[in-house]
Amino acid sequence: MAGKVYFCPTPIGNLEDITLRALRVMKEADLILAEDTRHSMPLLKHYDIHTPLESYHKFNEEEKIGGILKRLDEGKDIALISDAGMPGVSDPGAVLLSALLKEGRPFEVLPGPSAHVCASVIAGLDEGRYLFWGFLPQKHGARVKTLEELADIPVPVIFYEAPHRIQRFAEDVLAALGNRPLIFVREISKMYEERVETTAADFLQNMEDFTIKGEFAVVLMPGEGEEEEIDIAAALRERMDGGESPSKAVKSVAKALNLPKNLVYKESLKL
């Protein structure tokens with residue numbers, strides 16, 4: 001009898017946030033595929049799970065498929081886990097699921113923790129309606145284009161973001177959509193969980209007042225009628241046409257629009 005793949009969500013912060021079913025499946029499986037075996041070991045050790053463990057991540061997904069299918073042919077059951085949350089949701093798993101669907105192989109997706117669901121509740125979204133996007137593209141141009149395409153979405157959009165990119169996220173929102181309201185939900189289910197309401201411009205102007213550590217779920221609120229447009233380039237041109245030097249214009253525009261000077265300086269380089 002062919003084996004089965006089980007997609008098992010793991011805790012997004014607190015080790016207690018795992019289902020009894022997920023623990024049973026991981027104990028009974030013949031193999032656990034983990035995004036980062038070093039990251040998963042504390043969880044398995046905590047619950048006394050000794051199932052063999054192998055890596056399965058975004059850099060080896062394609063090459064692993066053949067071996068996984070062979071094991072299934074041998075009747076092996078496999079549990080797939082990510083570092084945190086649901087495999088296949090902004091984590092490895094989608095490639096494997098596509099292969100299983102293509103070949104008509106059996107699989108089960110277990111319910112469990114997912115950061116964007118928690119973030120939607122923590123943010124207090126009306127009626128729980130939102131669009132989940134995950135991570136934006138790495139390149140600036142692609143990020144801005146993606147945000148521009150989401151400009152008219154009438155519900156909040158939830159993104160995942162790493163702390164070292166959170167400033168760039170706010171800058172891109174400001175450039176693409178204007179001064180939109182943002183809700184940062186940080187370190188979900190952990191000791192220092194935090195919910196902060198701000199705007200793109202306020203965050204960039206007062207970054208020293210924010211804790212920029214841990215994993216972020218960012219809720220981008222929809223535009224409300226007349227969206228506040230911030231045309232930094234136009235403001236710079238107006239100042240320089242009035243006789244101000246580029247450096248003086250940068251200072252003046254940053255103060256007038258309540259924006260970080262380095263953000264205005266970046267725009268001045270494009271002129």
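**Exercise 1. Find the charged partners of E108 and place them in the chain.**

The side chains of R21 and E108 meet in a salt bridge at 2.5 Å, N to O. A salt bridge here is a side-chain nitrogen of Lys or Arg within 4 Å of a carboxyl oxygen of Asp or Glu. R21 lies in helix α1 (residues 20-28) and E108 in strand β5, so the pair ties together parts that are 87 residues apart in sequence. Helices (H or I, at least four residues) and strands (E, at least two) are DSSP runs, numbered from the N terminus.

This is a predicted model, in which local features need pLDDT of at least 70 and side-chain atom pairs count only at pLDDT 80 or more, while totals for chains, interfaces and linings use all residues. Residues are numbered from 1 along each chain as its sequence is written, and side-chain values use heavy atoms, with hydrogens and water left out.

Next, take K4. The side chains of K4 and E108 also form a salt bridge, at 2.7 Å from N to O. K4 sits in the segment before β1 (5-7) and E108 in strand β5 (residues 107-109), so far as the chain is concerned 104 residues apart.

Last, look up the accessibility. R21 is partly exposed at 33% relative accessible area, E108 is partly exposed at 24%, and K4 is partly exposed at 22%. Buried means under 20% relative accessible area, exposed over 50%, and partly exposed in between (1.4 Å probe, protein chains only).

**Exercise 2. Count the salt bridges, then describe R195 and a network.**

By the rule above, the count comes to 15 salt bridges. One of them joins R195 and E197, with the closest N and O atoms 2.9 Å apart. R195 is partly exposed, with a relative accessible area of 35%, whereas E197 counts as exposed at 55%. Salt bridges that share partners also join R143, E161, R165 and D172 into one network.

**Exercise 3. Is S82 buried or exposed, and what surrounds this residue?**

Start with the position: S82 is in the loop between β4 (78-81) and α4 (94-103). With a relative accessible area of 1%, S82 is buried.

Then list the neighbours. Leaving out residues up to four places away in sequence, S82 touches T10, E35, P87 and D91, where contact means heavy atoms within 4.5 Å. The side chain of S82 also reaches the backbone oxygen of A84 at 3.2 Å.

**Exercise 4. Describe how domain 2 meets domain 3.**

First, set the bounds. The protein chain is divided into domain 1 (5-109), domain 2 (115-220) and domain 3 (232-269); these bounds come from an automatic or database domain assignment. The C-alpha centres of domain 2 and domain 3 lie 26 Å apart. Six residues from domain 2 and six residues from domain 3 take part in the contact.

Second, give the area. About 550 Å² is buried between domain 2 and domain 3, and carbon and sulfur atoms give 53% of this area. Buried area is the accessible area (1.4 Å probe) that two parts lose on being put together, summed over both.

Third, name the elements. On the side of domain 2 that touches domain 3, α7 (166-177) and α8 (200-205) are the elements that give two or more residues.

Fourth, check for charged pairs. The rule finds zero salt bridges across the interface of domain 2 and domain 3. The residues on the domain 2 side divide into three nonpolar, two polar and one charged. Ala, Val, Leu, Ile, Met, Phe, Trp, Tyr, Cys and Pro count as nonpolar, Asp, Glu, Lys and Arg as charged, and the others, Gly among them, as polar.

Definitions and conventions:
A polar contact is a pair of N or O atoms within 3.5 Å; within protein, one must be able to donate a hydrogen and the other to accept it, and residues adjacent in sequence count only if both atoms are side-chain atoms.
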